[in-house]
Number of protein chains: 2
Amino acid sequence: MKLYFGVDIGGTQTKTALVSEQGEILDKRSFATAAERGLDDFSRRVRAELDLAVRAAGVDPADVQAVGVGVPGFLDVEQGVLVEAVNLGWVNLPLVRVLADATGRPVAMENDANVAALGEAWIGAGRGAKSVLCATVGTGVGGGIVIGGRLYRGVNGMAGEIGHLTVRREGGHRCNCGKLGCLETEASASAIIREARRLQAEGKLPQDGPIDGAEDVFALWRAGHAAAAGVVREAARWLGYGLALCAITLNPDAIVIGGGVSKAGEAWLALVREAFVEYALPLVVEAARFQLAELGNDAGVIGAARLAAHHVESL
Amino acid sequence: MKLYFGVDIGGTQTKTALVSEQGEILDKRSFATAAERGLDDFSRRVRAELDLAVRAAGVDPADVQAVGVGVPGFLDVEQGVLVEAVNLGWVNLPLVRVLADATGRPVAMENDANVAALGEAWIGAGRGAKSVLCATVGTGVGGGIVIGGRLYRGVNGMAGEIGHLTVRREGGHRCNCGKLGCLETEASASAIIREARRLQAEGKLPQDGPIDGAEDVFALWRAGHAAAAGVVREAARWLGYGLALCAITLNPDAIVIGGGVSKAGEAWLALVREAFVEYALPLVVEAARFQLAELGNDAGVIGAARLAAHHVESL
């Protein structure tokens with residue numbers, strides 16, 4: 001039996017899973033990342049979780065072939081170095097070496113949007129497709145590309161960074177990256193909240209509660225508020241446009257959309273797809289199935305496990 | 001010795017070349033396509049050229065392993081069928097079978113932008129790169145993607161159809177594809193001619209001669225006409241923006257630009273790159289060398305020969 005240990009590092013919680021070659025989760029758990037305690041401490045806790053998982057699943061520790069890690073930050077994969085993870089406060093750390101020492105197994109790492117994409121492409125909404133474009137729409141907009149079952153990272157890991165497509169050349173908002181009108185500033189949960197608050201301040205949305213998250217705006221939309229519907233539709237259309245730009249380049253057979261905003265469901269997805277169809281070529285539209293992610297919060301750990309399997313094959 | 005016969009079908013002329021495994025051209029010739037005489041007649045002429053080339057090069061006919069063909073049209077590569085080539089007036093023809101019968105060799109086909117990309121990636125401006133984005137900027141704007149030395153065609157051959165990225169959402173022109181503001185309508189030779197003629201009609205460009213081609217506008221630009229410079233710059237900037245959108249998806253290490261408009265040279269390329277840098281992420285910019293195509297009119301036949309070699313390997 002070949003098993004892989006997937007680790008999905010988040011700003012507050014880190015999730016882990018012991019995953020079989022077929023993508024079955026034998027054990028799943030999570031712990032507080034507590035990044036401020038440093039990488040060595042973190043790595044020891046990952047090892048402890050791995051040991052717990054092996055015992056809980058009743059498997060032979062020797063069957064765990066490798067560890068895969070999804071990291072919310074920028075990586076130098078070739079050197080095995082985490083260059084910077086703003087949310088963790090980690091800079092220039094030899095993540096692969098330290099984790100390999102702690103776990104006694106080969107370690108592969110990738111950014112979190114990429115491992116989630118790999119998970120969805122493997123056994124989620126993208127399964128069976130030759131070429132998968134995954135978008136993760138939450139506070140920001142991330143993306144990942146899987147071609148022939150393998151992560152396509154581009155030459156320095158930036159492939160599929162669709163959140164920074166300049167979609168809105170006129171009247172676009174300032175992005176953290178410094179540019180104006182990035183997909184992330186127009187289509188994310190942050191964009192939806194920003195626009196809804198603006199309308200609320202103008203008295204065009206109900207004042208009876210603060211808008212804390214995109215789900216508040218979705219609730220107003222479902223309750224029939226026209227201004228909220230406008231905000232949702234606008235953000236969804238920017239996303240559809242951005243996905244069309246990617247799809248004309250990539251010509252995928254599956255486009256998978258996950259992340260917090262995608263919980264708005266099929267009605268929201270229909271708005272995204274409407275703009276996608278408008279801006280993509282008919283043959284590109286025809287080739288691409290368009291669907292919501294299926295693995296939810298497990299996409300990261302499952303994709304990380306798959307990454308570990310690919311890593312072992314390449315050794 | 002392994003040789004491949006590359007065929008680049010054009011609306012008026014068809015070019016052929018006998019190419020070695022290393023990309024050396026042993027013989028090069030061209031003939032009038034005369035598509036109206038039909039595919040059977042055309043295929044017999046390809047065979048005659050192949051025989052001539054073999055004799056002229058003094059090689060053993062048995063060394064010619066396969067034929068690769070670049071076609072200006074939409075193809076069903078899996079079925080070996082040319083679906084439609086508007087400029088040839090050919091519709092639904094079993095191109096691969098007929099050419100294989102005529103030449104007595106395995107035949108592989110691809111659209112012309114893709115074979116040109118493969119040629120440039122193999123031994124042209126993209127050589128040595130892992131991931132190459134090629135743009136062909138002429139009457140229209142075509143594109144091709146080569147990953148790991150292999151053509152990446154997407155799931156139905158539409159990958160890299162960058163001419164139909166909607167770049168100009170406000171005030172864009174109507175494209176042949178039916179959409180507004182496609183890269184092709186804003187950055188091609190046709191766009192440059194259209195805008196220059198408009199300015200000429202408004203008396204803002206010299207009236208002493210008609211504008212027959214983009215090269216007339218480039219000549220005025222070089223002669224210091226501000227309005228012509230504006231036209232050139234605007235078209236170049238749309239191209240740079242479109243390439244940035246592709247590059248954020250693909251994260252290539254080489255971006256190669258060919259086609260008639262690229263003959264405007266390095267000063268034009270600098271304008272394209274200026275916009276590219278503005279819209280692509282810094283790490284994407286850093287990874288990608290940005291250069292003019294090197295193979296000129298030979299890119300098609302060389303890429304077609306390479307396609308033939310890949311085809312033989314896959315048999």
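## Notebook: the A–B interface and a cysteine pair

I began with the contact between the two chains, and I found 42 residues of chain B in contact with 42 residues of chain A. I note at the outset that this is a predicted model, and I read every value below as computed from it.

**Entry 1, buried area.** I looked up the area next, since the size of an interface is often given as the accessible area lost when the parts come together. Chain B and chain A bury about 3,400 Å² between them, and 63% of that area lies on carbon and sulfur atoms. On the side of chain B, I listed the residues that lose the most area to chain A, which are B:Val155, B:Arg169 and B:Thr249, together 20% of what that side buries.

**Entry 2, polar and charged pairs.** I then asked how many salt bridges there are between chain B and chain A. The count is two, and I wrote down one by name, in which the side chains of A:Glu78 and B:Lys130 meet at 3.9 Å, taken from N to O. For polar contacts across the interface of chain B and chain A, I recorded 26 residue pairs, with both residues at pLDDT 80 or more.

**Entry 3, what chain B brings to the interface.** I checked which elements give two or more residues to the side of chain B that touches chain A, and these are strand S10 (141-147), helix H7 (226-250), helix H8 (266-279) and helix H9 (282-287) of chain B. H7(B) gives the most, with seven residues. Sorted by class, that side of chain B has 24 nonpolar, nine polar and nine charged residues.

**Entry 4, cysteines.** I searched for disulfides over all chains and found zero. Why do A:Cys177 and A:Cys182 not form one? The sulfur of A:Cys177 has its closest cysteine sulfur in A:Cys182, but the two are 3.6 Å apart, which is too far for a bond, because a disulfide needs the sulfur atoms within 2.5 Å. Looked at from A:Cys182, the closest cysteine sulfur is likewise that of A:Cys177. I also compared their surroundings: A:Cys177 is partly exposed, with a relative accessible area of 31%, whereas A:Cys182 is buried, at 0%.

**Entry 5, A:Thr185.** Last, I located A:Thr185 in helix H4 of chain A, which covers residues 183-187. Is A:Thr185 buried or exposed? I have A:Thr185 down as buried, because its relative accessible area is 8% and the cut-off for buried is under 20%. Leaving out residues up to four places away in sequence, I find A:Thr185 touching A:His173, A:Arg174, A:Cys175, A:Ala191 and A:Arg194.

Definitions and conventions: Residues numbered from 1 in each chain as written. Chains lettered and ligands numbered in written order. Predicted model: local features only at pLDDT ≥ 70, side-chain atom pairs only at ≥ 80, totals over all residues. Heavy atoms only, no water. Contact = heavy atoms within 4.5 Å. Buried area = accessible area lost by both parts, 1.4 Å probe. Salt bridge = Lys/Arg side-chain N within 4 Å of Asp/Glu carboxyl O. Polar contact = N/O pair within 3.5 Å; in protein donor to acceptor, adjacent residues only side chain to side chain. Helix = DSSP H or I, 4+ residues; strand = E, 2+ residues; numbered from the N terminus. Nonpolar A, V, L, I, M, F, W, Y, C, P; charged D, E, K, R; others polar. Buried < 20%, exposed > 50% of the residue type's maximum accessible area, 1.4 Å probe, protein only.
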